[in-house]
Amino acid sequence: MKRGFYTIMAAQFFSSLADNALLFVAIDLLTAMKSPAWITPLLKFLFVLFYVLLAAFVGAFADSLPKGRVMFIANMIKITGCALLFYDLHPLAAYAIVGIGAAVYSPAKYGILTELLPPEKLVAANGWIEGLTIASIILGTVLGGALVGDHTSALLLGIDLPLIDTGIDTAPEAALCVIGLFYLLAAMFNLRIPLTGCVYPHQERNPARLIEDFANCCVILWKDKLGQISLAVTTLFWGTGATLQFIVLEWAKTALNMSYEKATSMVGLVGVGVTVGAIMSARMITLRQSLSVIPLGIAMGVLVMAMAFVHTTWLAYPMLIFIGVLSGFFVVPMNALLQHRGHVLMSAGHSIAVQNFNENLSILTMLAVYSLMLRLHLPLNVIIILFGLFLAGTMLFIARLHAANQREHDSLALIGEHKH
């Protein structure tokens with residue numbers, strides 16, 4: 001890997017770590033406000049909403065400036081959202097602002113990989129990026145839970161600076177200071193990301209033309225025989241992954257009788273598995289073999305349904321890790337294949353924007369459905385079984401669609417094709 005790749009990884013790790021820690025601090029703030037349970041998933045809902053609303057514009061923005069500079073600007077937006085919690089802005093609104101920064105960040109983060117690396121390096125690069133992203137989710141989850149815990153907050157509030165009144169008097173304020181430091185660290189790495197030498201034509205600024213161009217990019221990627229399969233898998237993965245985070249949190253509290261702080265560590269176990277699966281996939285699967293991992297998505301859906309019948313921690317630990325391993329192993333090759341086809345068919349920023357639009361529309365839909373199920377007071381086990389059935393059934397449909405495409409034309413021959 002080129003040296004700049006490791007700078008990108010560091011920037012992504014610390015920015016994602018702060019995002020995930022902030023999520024659980026925001027959840028704790030909602031709990032302190034005695035908000036109803038169905039409000040909690042709306043944190044993630046509003047966070048990803050801007051991935052969808054801004055999708056037509058952030059791709060062009062990412063291609064109009066050096067990617068490192070775009071990532072720096074995005075991080076400053078995230079810092080603003082974090083800082084506004086100090087001024088009693090509602091957690092839903094503050095985390096939505098962080099979501100705007102994340103929406104701007106993503107096309108630059110993934111788009112720079114196709115500029116910096118050749119196609120044969122993309123699976124390995126995605127393995128590292130996804131592995132580090134999931135590691136940041138694990139650590140961010142644990143960090144967020146710890147920061148609002150009594151022990152850690154007492155330690156932070158016990159820190160005194162001589163002759164300086166910091167004005168930090170509560171556990172959430174101390175937690176936000178720590179998270180803000182991680183955002184600043186990510187911004188420092190953003191400034192060290194090298195120029196790739198990749199310059200795109202002048203980007204359109206007319207909103208109507210941008211939306212038209214974005215819609216055309218969506219059609220191109222969904223019509224492509226490789227693009228439609230990889231986009232369908234990653235869209236499903238991110239929607240189910242975001243929802244599973246909340247399901248596991250609630251399941252650990254109800255089925256395993258865990259406290260909120262311990263329940264966050266169960267969410268982290270899934271992340272451990274995803275990291276392991278991503279690293280294994282990066283080492284074992286080439287870009288040309290990427291579509292062979294689709295059956296693992298079906299197995300993951302079946303295993304999720306088994307959660308409804310588990311009530312002991314000695315079964316829960318390995319099961320959650322294995323769910324993570326399966327998801328990490330099949331999403332990394334799919335992500336790499338999607339980036340490759342997007343780069344071949346259009347620009348890096350535009351292709352990632354299309355990917356973000358579809359994946360986050362899936363997250364919005366599934367979180368909204370999950371929130372509605374809670375609002376209707378459906379039993380958690382019923383929700384888990386319906387969720388697993390949907391995942392396994394959709395992956396089976398995608399597998400059959402790929403088989404039908406292959407009977408019509410050998411789409412695998414397109415893997416490795418150079419940019420048009």
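# Exercises on a predicted model

Helix α1 is mostly covered, with 25 of its 30 residues buried. The model is predicted, and the exercises below start from this helix.

**Exercise 1.** Compare the reach of helix α1 with the span expected at 1.5 Å a residue.

Solution.
- Helix α1 takes in residues 3–32, which is 30 residues.
- The expected span is 1.5 Å times one less than the number of residues, and for α1 this comes to 44 Å.
- From its first C-alpha to its last, α1 reaches 45 Å, close to the expected value.
- After the helix comes K34, whose phi is positive, near 60°.

**Exercise 2.** Classify the ring pair F13 and F14, then state whether each residue is buried or exposed.

Solution.
- A pair of aromatic rings is described by the distance of the centres and the angle of the planes.
- The search of the whole structure finds eight aromatic pairs. In the pair F13 and F14, the centres are 5.2 Å apart and the planes stand at 80°.
- Planes over 60 degrees apart count as edge-to-face, so F13 and F14 form an edge-to-face pair.
- Buried means under 20% relative accessible area. F13 has 15% and is buried; F14 has 17% and is buried.
- F13 and F14 also belong to one aromatic cluster with F182 and F189.

**Exercise 3.** Work out which helices the pair F214 and F357 ties together, and how covered each residue is.

Solution.
- The rings of F214 and F357 are 5.3 Å apart, centre to centre, with 80° between the planes, and the pair is edge-to-face.
- F214 lies in helix α9 (residues 207–223), while F357 lies in helix α14 (residues 348–375).
- The pair therefore ties together parts that are 143 residues apart in sequence.
- F214 has a relative accessibility of 9%, so F214 counts as buried. F357, at 22%, counts as partly exposed.

**Exercise 4.** Find the position of K78 relative to the ring of Y105.

Solution.
- K78 lies over the face of Y105.
- Its distance from the ring centre is 4.5 Å.

**Exercise 5.** Describe the second largest pocket by its volume and lining.

Solution.
- The second largest pocket holds about 280 Å³ of space.
- The lining has 17 residues, and those closest to the pocket centre are I27, T31, T40, E250 and K253.
- Helices α1, α10 (225–254) and α14 each supply at least two residues of this lining.
- By type, the lining divides into 10 nonpolar, three polar and four charged residues.

Methods: Residues are numbered from 1 along each chain as its sequence is written. This is a predicted model: local features need pLDDT of at least 70, side-chain atom pairs count only at pLDDT 80 or more; totals for chains, interfaces and linings use all residues. Side-chain values use heavy atoms; hydrogens and water are left out. Rings of Phe, Tyr and Trp (its six-membered ring) pair if their centres lie within 6.5 Å; planes under 30 degrees apart count as stacked, over 60 as edge-to-face and the rest as tilted. Buried means under 20% relative accessible area, exposed over 50%, partly exposed in between (1.4 Å probe, protein chains only). Helices (H or I, at least four residues) and strands (E, at least two) are DSSP runs, numbered from the N terminus. A charge sits over a ring if NZ of Lys or CZ of Arg is within 6 Å of the ring centre and within 35 degrees of the ring normal. On a 1 Å grid over the protein atoms alone, a cavity is a set of points where a 1.4 Å probe fits but cannot get out, and a pocket is an open set with protein on both sides within 12 Å along at least five of seven lines; lining residues have an atom within 4 Å of a point. Grid points are joined across faces, edges and corners, and a volume is the space filled by probe spheres set on the points. Ala, Val, Leu, Ile, Met, Phe, Trp, Tyr, Cys and Pro count as nonpolar, Asp, Glu, Lys and Arg as charged, and the others, Gly among them, as polar.
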